[in-house]
Amino acid sequence: MEKHKTPAPLVAPPSLPDSWDDMTSDEKYRYYADSWAASEGKSFKTPEIAELYEKRARRILDVVALKEPDEVPVYLLAEGYILTHSGIQPKDLFYDMDKFIAAVFKLHDDFNLDYTVLTFAQSGKALDTLGMKLIRWPGSSVPGSALSDDTSFQYVEDEYMRADEYDELINNPEGYIARKYFPRIFSNLDGLAHLPNAFNLLETTGFGSTMLGLATGSPARRSLDLLLKTADQAGETMMKIRSANMKILNRYGTPLLFGGITFPPYDMIGDTMRCTVGIIKDIYSRPEKVQAAVEALVPMAVQMGVQMAEATRSPFILMPLHKGSDDFMSPDQFKTFYWPTLKATMQGLIDHGFVPVPFVEGAYNQRLEIMAADPLPKGRSFWIFGRTDMKTAKEKLGSWACIAGNVPASLFKQGTPEMLEAYCRDLMEICAPGGGFCLFPGSIINQANPENVKAYTNCGRTFGKY
């Protein structure tokens with residue numbers, strides 16, 4: 001396998017049309033979608049591969065538009081399986097990017113994938129430098145954080161945001177994240193607690209004191225210098241991944257589906273800031289504060305997804321959903337605390353010309369009626385379900401949303417090719433008629449038998465023809 005050298009910094013994406021500010025949301029989406037699906041401006045090994053790329057990209061755009069494509073698109077969520085298929089360790093995901101990238105190429109070589117596999121590789125060196133406390137990972141040098149080389153990373157839940165700090169978050173979300181949250185999850189960024197208030201620079205009277213607060217030797221400066229050093233470490237990793245994705249596109253003609261990622265405001269608080277137990281207590285003890293906080297975070301959630309997707313020009317923004325499932329809250333709590341700001345965030349992404357892709361982890365069987373009664377614009381969202389009844393999802397959402405998912409991860413390891421094919425055929429018979437359906441696993445695949453993966457990736461070609 002060839003070595004993948006770190007390339008020079010990537011150039012900025014092409015300028016947007018001069019009329020951009022006057023374009024409607026649908027016009028912006030068509031611009032992003034057409035640019036993403038076109039082979040022009042991209043490098044391909046052969047004209048045949050360029051044609052294959054366009055066919056695969058248009059297939060996804062058709063199902064999002066609730067049309068019937070030539071065949072059901074098939075996507076493989078394979079983060080962990082990238083490692084196990086090549087026999088490399090989870091530690092390599094953090095500390096040996098060349099080895100990990102070679103494993104990604106092997107996956108594409110062996111299974112003839114239609115879409116570039118999604119990866120969440122991190123720079124272990126950068127996490128070490130910052131003193132990350134939010135996760136534990138293999139090879140970590142942060143005291144108490146190291147896991148064995150063959151163990152996947154794990155989140156460390158804690159109340160990194162205190163229960164009495166909601167007003168600080170509500171009144172100044174970005175300031176709170178920088179001055180309170182970051183110093184708590186990065187042990188070496190404690191100086192950010194002393195960041196000067198940017199409003200001091202509105203008038204010249206605050207200029208001197210602000211600059212003094214950022215001068216050499218100040219706590220804030222020490223943390224900012226360290227943050228810049230870490231940016232170079234993490235940037236090296238990300239540039240290798242971007243370069244690899246370009247080579248994958250050139251060699252295999254597989255579109256990179258997701259251009260950005262963001263999270264529902266409730267999960268931003270419940271996943272990490274207040275943690276699972278903390279936010280569950282809060283919706284009973286201080287419900288008005290939780291509601292105000294999730295509303296305050298909507299602009300940040302929209303901006304997070306838009307900034308990434310504008311850089312990549314892929315129209316699809318992934319949104320992992322965690323705490324809104326049937327397992328975590330009642331339908332009334334979902335209607336109060338989760339759905340309004342999830343929908344507002346999705347609508348914000350749509351308004352900017354993108355397609356939000358909620359990855360619904362867990363079951364949403366008690367949520368479908370609520371969402372069906374309050375729909376998003378037709379053909380502008382793409383839902384991946386984990387353990388939701390797909391027949392009901394098609395009935396409730398299929399008139400305005402593309403749906404995908406629900407192929408159990410267990411079948412990839414414990415099942416046979418025949419079992420996997422039978423499950424996928426049944427799923428396609430229920431959800432594929434009329435279009436608006438894509439075949440997805442219900443969760444990320446970590447372990448699998450190669451013959452099962454081959455059976456799955458061939459299901460659309462073999463059984464999903466329209």
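**Exercise 1. Is Phe105 buried or exposed, and what is its relative accessible area?**

Solution. The structure is a predicted model, and the residue should first be placed within it. Phe105 belongs to helix H5, which covers residues 97-111. Its relative accessible area is 0%, and the cut-off for a buried residue is under 20%, so Phe105 is buried. As a further step, one can relate Phe105 to Ser145, which lies 40 residues away along the chain: the C-alpha atoms of these two residues are separated by 30 Å.

**Exercise 2. Determine the strand order of the open three-stranded sheet, and explain which strands stand at its edges.**

Solution. The order in this open sheet is E2-E1-E3, and the pairing is mixed. Strand E2 (146-147) and strand E3 (154-155) each have a single partner strand and therefore stand at the edges, where one side of each is left without a neighbour in the sheet. Turning to the pairing of E1 with E2, strand E1 comprises residues 135-138 and runs parallel to E2, to which two bridges join it. At the level of residues, Pro138 has Leu147 in E2 as its bridge partner.

**Exercise 3. Describe how strand E8 is paired with E7 and how its two faces are covered.**

Solution. Strand E7, residues 382-385, is joined to E8 by four bridges, and the two strands run parallel. Within this pairing, Ile384 is found opposite Ala404 of E8. In a regular strand the side chains alternate between the two faces of the sheet. Strand E8 (residues 402-405) has Cys402 and Ala404 on one side, with Ile403 and Gly405 on the other, and since all of these are buried, both faces of the strand are covered.

**Exercise 4. Classify the packing of helix H11 against helix H12, and give the make-up of their contact.**

Solution. Helix H11 (residues 265-273) packs against helix H12 (residues 275-285) at an angle of about 125°, and their axes are 6 Å apart. This angle makes H11 oblique to H12. On the H11 side the contact involves Tyr266, Ile269, Gly270, Asp271, Thr272 and Met273, which meet Cys275, Thr276, Ile279 and Ile283 of H12. Sorted by class, the contact has six nonpolar, three polar and one charged residues.

**Exercise 5. Find the mean pLDDT of the chain, and state where caution is needed.**

Solution. The chain has a mean pLDDT of 94, with 97% of its residues reaching 70 or more. Over residues 1-10, however, the pLDDT is below 50, although this stretch has 22 contacts in the model beyond near neighbours in sequence. Where pLDDT is low, the predicted coordinates should not be read in detail.

Key. Residues numbered from 1 in each chain as written. Predicted model: local features only at pLDDT ≥ 70, side-chain atom pairs only at ≥ 80, totals over all residues. Heavy atoms only, no water. Pairing = 2+ DSSP bridges. pLDDT = per-residue confidence, 0-100. Contact = heavy atoms within 4.5 Å. Axes fitted to C-alpha atoms, helices over the stretch in contact; angles between N-to-C directions. Parallel < 35°, antiparallel > 145°, perpendicular 65-115°, else oblique. Nonpolar A, V, L, I, M, F, W, Y, C, P; charged D, E, K, R; others polar. Buried < 20%, exposed > 50% of the residue type's maximum accessible area, 1.4 Å probe, protein only.
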